[in-house]
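User: I'm new to this structure and would like a guided look at it. Please start with one residue on the surface, then carry on to the packing of the rings.

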Amino acid sequence: DFSLQFPRPATIMRITCGAKWFKKHQKPTHGARKCTIPEKGGCSMTGIYQHTLDAKGRLFIPAKLREELGDTFYVTISSEKCLSAYSTDNWKVMSDKVNAMPYVKQKKMRPLFAFAARCELDGQGRILLPQNLREFAGLSKSVTVVGSNNHAEFWDSELWNETYPAETLPENIAAVMEELDF
C-alpha cells in the first residue's frame, strides 16, 4: 500500500481513489481500494461482475469500478469483440500518446476515437451505452463487466464464457508470468 506517515503517530493516510482517511489499525471502509500513483495511469481495475442491460441500453457499473472510472468516463471499441471503458485521466494519457505519434500512425487510431462515447453515471450508477457500441460488442441483455488493469471491459456474457476459459489455462497464465518476468 502507498501510505504517508504524519507527525501524529496515531493516524495514517492511505491514498485511495476516493481519497479516504483511516485511523491506524482501522480496517478500510467498503469501497476503499489500493491505488497506483495517478501520474502512472490511476487505479487498477479488477474483478468480474454480471449485470443486465435494460431496455433503454443502460448498464449498471459496479461500485468498485465506479470509484476508479469516476462519474464521467469514456467507452470505446476494443481490439476484441467487447467495449473498453477508461477513466477521464486514463483517456487523457492515451489521447496524449496518440497526439505524440506521427500523423500516419494517428490515422490508425481513428476508430478508437470515432466510436468513443463520453458516458456519465446517472443517480443509480448506470450509463447509457450508445446503440453503435452495443452492436459492435453484440450486447443485448446479459453483460459481463471485467476489470482489466487501467480500464474495464464490457462483454456479452455468452462470448465472455467462451473466451475466459482459454485465457485462464495454467499454461497461458505461466506464459504471461514469464513474459512479465515474474
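Analyst: Let's start with M177, which has a relative accessibility of 38% and so counts as partly exposed. That label fits because the partly exposed range runs between the buried limit of under 20% and the exposed limit of over 50%. Keep in mind that this is a predicted model. You'll find M177 in helix α7, which covers residues 170-179. M177 also has company: together with I173, V176, L180 and F182, M177 makes a nonpolar surface patch of about 520 Å². Residues need over 30% relative accessible area to join such a patch, and M177 has 38%.

For a contrast, look at S87. With a relative accessibility of 8%, S87 counts as buried, since anything under 20% gets that label. S87 sits in strand β7, residues 83-87. If you skip the neighbours within four places in sequence, S87 touches E68, L69 and F73. There's also L65, which is 22 residues away from S87 along the chain, while their C-alpha atoms are 9.8 Å apart. The S87 side chain has a polar partner too: the backbone nitrogen of N90, reached at 3.1 Å.

Now for the rings. A pair of aromatic rings is described by how far apart the centres are and by the angle between the planes. There are five aromatic pairs in the structure. In one of them, Y74 and W91 have ring centres 4.9 Å apart and planes at 10°, so this pair is stacked. Y74 belongs to strand β6 (residues 72-77) and W91 to helix α2 (residues 88-99), so their pairing ties together parts 17 residues apart in sequence. Both Y74 and W91 are buried.

Another stacked pair is W160 with Y164, at 5.7 Å centre to centre and 20° between the planes. Here the partners share helix α6 (residues 157-167), and because they are four residues apart, about one helical turn separates them. The two don't get equal cover, though: W160 is buried at 7% relative accessible area, whereas Y164, at 33%, counts as partly exposed.

One last thing to pick out: Y74 and W91 are part of a bigger group, because ring pairs, defined by centres within 6.5 Å, link Y74, Y86, W91 and F113 into a cluster.

Note on methods
Residues numbered from 1 in each chain as written. Predicted model: local features only at pLDDT ≥ 70, side-chain atom pairs only at ≥ 80, totals over all residues. Heavy atoms only, no water. Helix = DSSP H or I, 4+ residues; strand = E, 2+ residues; numbered from the N terminus. Buried < 20%, exposed > 50% of the residue type's maximum accessible area, 1.4 Å probe, protein only. Contact = heavy atoms within 4.5 Å. Polar contact = N/O pair within 3.5 Å; in protein donor to acceptor, adjacent residues only side chain to side chain. Patch = residues over 30% accessible without salt bridge, like charges linked within 9 Å, V, L, I, M, F, W, Y side chains within 5 Å. Areas by Shrake-Rupley, 256 points an atom, 1.4 Å probe, with all protein chains shown as cover. Salt bridge = Lys/Arg side-chain N within 4 Å of Asp/Glu carboxyl O. Phe/Tyr/Trp six-rings, centres within 6.5 Å; stacked < 30°, edge-to-face > 60°.
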